[in-house]
Amino acid sequence: MSGVRVLVGTRKGAFVLTADGNRADWKVEGPHFAGWELYHLKGSPADPNRLYAAQSSGWFGQLIQRSDDGGRSWETVGNEFAYEGLPGTHQWYDGTQHPWEFKRVWHLEPSLTDPDTVYAGVEDAALFRSTDGGRTWQELSGLRSHESGAAWQPGAGGMGLHTILLDPRMPGRIHVAISAAGVFRSDDAGVSWRPMNRGLRSEFMPNPEAEVGHCVHRIALHPARPDVLFMQKHWDVMRSDDAGESWSEVSGNLPSDFGFPIDVHAHEPETIYVVPIQSDSLHYPPEGKLRVYRSRTGGNEWEPLTEGLPQRDCYVNVLREAMAVDALEECGIYFGTTGGQVYASSDSGDHWMPIVRDLPPVLSVEVQTLD
Amino acid sequence: MIHPIRIALPAHLRTLAGVEAEVTIDVASPVTLHRALEALETRFPMLRGTIRDHGSHRRRPFLRYFACARDLSLAAPETPLPEAIVRGEEPFLVIGAIAGG
């Protein structure tokens with residue numbers, strides 16, 4: 001019988017949650033790497049037993065862990081992320097220039113076809129690639145050396161490259177998103193890059209429609225229709241029908257269009273999910289009600305999903321990496337909170353239940369659908 | 001001449017290295033700060049980058065080095081370690097900053 005494996009990164013370790021295809025009874029394993037921050041873990045689409053994990057600590061820096069047995073055992077692999085050439089400077093919070101400094105890995109994106117190839121999005125924003133299973137890393141420096149690079153600036157959480165989308169139809173096409181620079185696209189496997197932010201509007205910027213500087217929180221696509229992108233921006237939910245060339249707002253009737261994650265139903269490319277958050281200064285759900293909002297029309301018309309979620313006195317946040325979907329026949333949706341709960345729905349979001357309630361604050365959630 | 005040097009690590013690095021207490025590392029003369037750390041990283045490659053940067057060998061900011069009650073955190077890499085460390089009578093200490101709740 002098929003099943004799912006949920007990879008959860010938290011402030012104090014990694015957890016692996018498994019269930020069969022019914023997704024009713026869950027086994028919780030962990031913490032792996034106890035006491036360390038796990039910004040992200042992800043499995044290879046080409047080999048589900050191959051997992052990568054980004055393990056970090058304010059004391060001891062960055063480590064990368066690799067598993068070849070689905071998370072039962074791990075091997076420490078390469079952690080040298082050296083910017084190519086002289087790193088130069090980018091804009092600091094006060095408008096001065098600040099040296100580019102590697103701080104941590106925010107996101108790991110394994111290749112769609114090769115288990116040994118994996119991309120890493122890092123802070124300060126840059127894209128690295130390993131082709132030897134994580135042992136060595138090379139920067140794809142065309143991104144950071146883009147002519148706009150010196151104008152990029154960090155958000156309050158740091159200048160992280162947090163989203164990497166690999167186009168399943170065009171192997172050389174990569175979208176990345178950076179807080180707070182925006183979306184960039186390469187069509188030549190990461191050699192050259194273009195900003196993809198036309199149509200975004202960010203009121204905090206001197207020029208709200210500038211080419212770069214937007215605080216994009218997350219972008220997502222459906223693999224069967226990779227030219228359609230969905231975005232949760234700092235404020236505003238957006239969509240693009242031309243692979244990022246232009247964006248239009250689809251916030252519609254959301255109670256707040258601030259939030260962090262966004263994801264797409266595994267079988268319905270026009271069904272998307274967000275978790276509205278009150279504001280950038282509050283970082284908790286409106287009215288103390290934890291609600292996932294679903295649009296079956298690719299945006300604009302949204303419905304709250306509340307069954308099984310706390311509808312009073314709830315003041316957790318859901319971070320950008322902390323939502324994922326499985327690919328079982330009835331699509332499962334998963335998200336984790338800063339309160340340590342991981343919620344799952346096995347019916348496209350109609351009903352929810354907590355898999356586990358009291359983990360450390362959840363930083364990331366990924367799901368593997370297993371045969 | 002080879003000297004067995006005792007090194008005490010913070011708890012998280014002991015876990016990472018798969019050791020439970022102090023480690024003893026063979027270091028060739030002259031026993032300096034850099035040579036001791038280099039020998040430690042050679043024996044336990046998973047520690048590379050966790051105590052000092054890969055390229056620059058700059059000490060990570062929340063860590064300090066002590067030997068025989070001397071603070072060597074700002075000492076030059078070629079600084080010789082004290083005789084009591086070289087003779088294995090005292091451990092070389094890598095200490096992490098205290099974090100409270």
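In this predicted model, the two chains meet through a contact region in which 12 residues of chain B are in contact with 12 residues of chain A. On the side of chain B that touches chain A, five residues are nonpolar, six are polar and one is charged.

Chain B itself is built from three helices and five strands. Read from the N terminus, these elements follow one another as β-α-β-α-β-β-α-β. The radius of gyration of chain B is 13 Å, close to the 13 Å that the globule rule gives for 101 residues, so chain B is as compact as a globular protein of that length. Along the principal axes, the C-alpha atoms of chain B fill a box of roughly 45 × 25 × 25 Å. Burial and contact range add to this picture: 31% of the 101 residues of chain B count as buried, and among contacts in chain B with a separation of 6 or more, 57% are between residues 24 or more positions apart.

Helix H2 of chain B, spanning residues 33-43, offers a closer view of how this chain is packed. Its buried residues are Leu33(B), Arg35(B), Ala36(B), Leu37(B) and Leu40(B). A look at the spacing of such positions is helped by a general point: an α-helix has 3.6 residues a turn, so residues three or four places apart point the same way. The cover over the buried residues of H2(B) includes four strands of chain B, namely S1 (2-8), S2 (23-28), S3 (63-67) and S5 (92-96).

Turning to the nonpolar cores, the largest has 104 residues, and those with the most contacts inside this core are Val6(A), Val8(A), Tyr334(A), Val342(A) and Val365(A). Val6(A) touches Leu17(A), Tyr334(A), Val342(A), Ile355(A), Val365(A) and Val367(A), when residues up to four places away in sequence are not counted. Another core, of 24 residues, lies apart from the largest one and includes Leu13(B), Leu47(B), Ile51(B) and Leu93(B). As a general background to such groupings, in soluble globular proteins nonpolar side chains tend to be buried together.

Within chain A, strand S11 (residues 118-123) is a good place to start. Six of its six residues are buried, so S11(A) is largely enclosed by the rest of the structure. The enclosure applies to both faces: Val118(A), Ala120(A) and Val122(A) are buried on one side, and Tyr119(A), Gly121(A) and Glu123(A) are buried on the other. Strand S10 of chain A (residues 104-110) runs antiparallel to S11(A) and is joined to it by six bridges, with Val105(A) standing opposite Val122(A). S11(A) also pairs in the antiparallel sense with strand S12 of chain A (residues 126-130), over five bridges. In this second pairing, Gly121(A) has Leu127(A) as its bridge partner in S12(A). The connection from S11(A) to S12(A) is a hairpin through two residues.

Further along chain A, four strands form an open sheet in the order S18-S19-S20-S21, with antiparallel pairing. Strands S18 (216-221) and S21 (248-249) of chain A stand at the edges, each with a single partner strand, so one side of each is left without a neighbour in the sheet. S18(A) runs antiparallel to strand S19 of chain A (residues 229-233) and is joined to it by five bridges. One bridge pair here is Arg218(A) with Gln232(A), the latter in S19(A).

An open sheet of four strands is also found in the order S22-S23-S24-S25 of chain A, again with antiparallel pairing. Its edge strands are S22 (262-264) and S25 (303-305) of chain A, each of which pairs on one side only. On average, and with direction ignored, neighbouring strands of this sheet are turned by 30° against each other. Strand S24 of chain A (residues 292-295) pairs with S25(A) in the antiparallel sense over three bridges, and Val292(A) has Leu305(A) as its bridge partner in S25(A).

The loop between S21 and S22 of chain A holds Leu254(A). With 21 C-beta neighbours inside 10 Å, Leu254(A) counts as buried. Leaving aside residues up to four places away in sequence, Leu254(A) touches Val237(A), Pro276(A), Tyr293(A) and Trp302(A). By contrast, the C-alpha atoms of Leu254(A) and Phe204(A), 50 residues apart along the chain, are separated by 21 Å.

Key
Residues numbered from 1 in each chain as written. Chains lettered and ligands numbered in written order. Predicted model: local features only at pLDDT ≥ 70, side-chain atom pairs only at ≥ 80, totals over all residues. Buried ≥ 20, exposed ≤ 12 C-beta atoms within 10 Å, placed from the backbone. Pairing = 2+ DSSP bridges. Contact = placed C-beta atoms within 7 Å. Nonpolar A, V, L, I, M, F, W, Y, C, P; charged D, E, K, R; others polar. Rg over C-alpha atoms; globule rule 2.2 N^0.38 Å. Axes fitted to C-alpha atoms, helices over the stretch in contact; angles between N-to-C directions. Core = buried A, V, L, I, M, F, W, Y, C linked by C-beta atoms within 7 Å.
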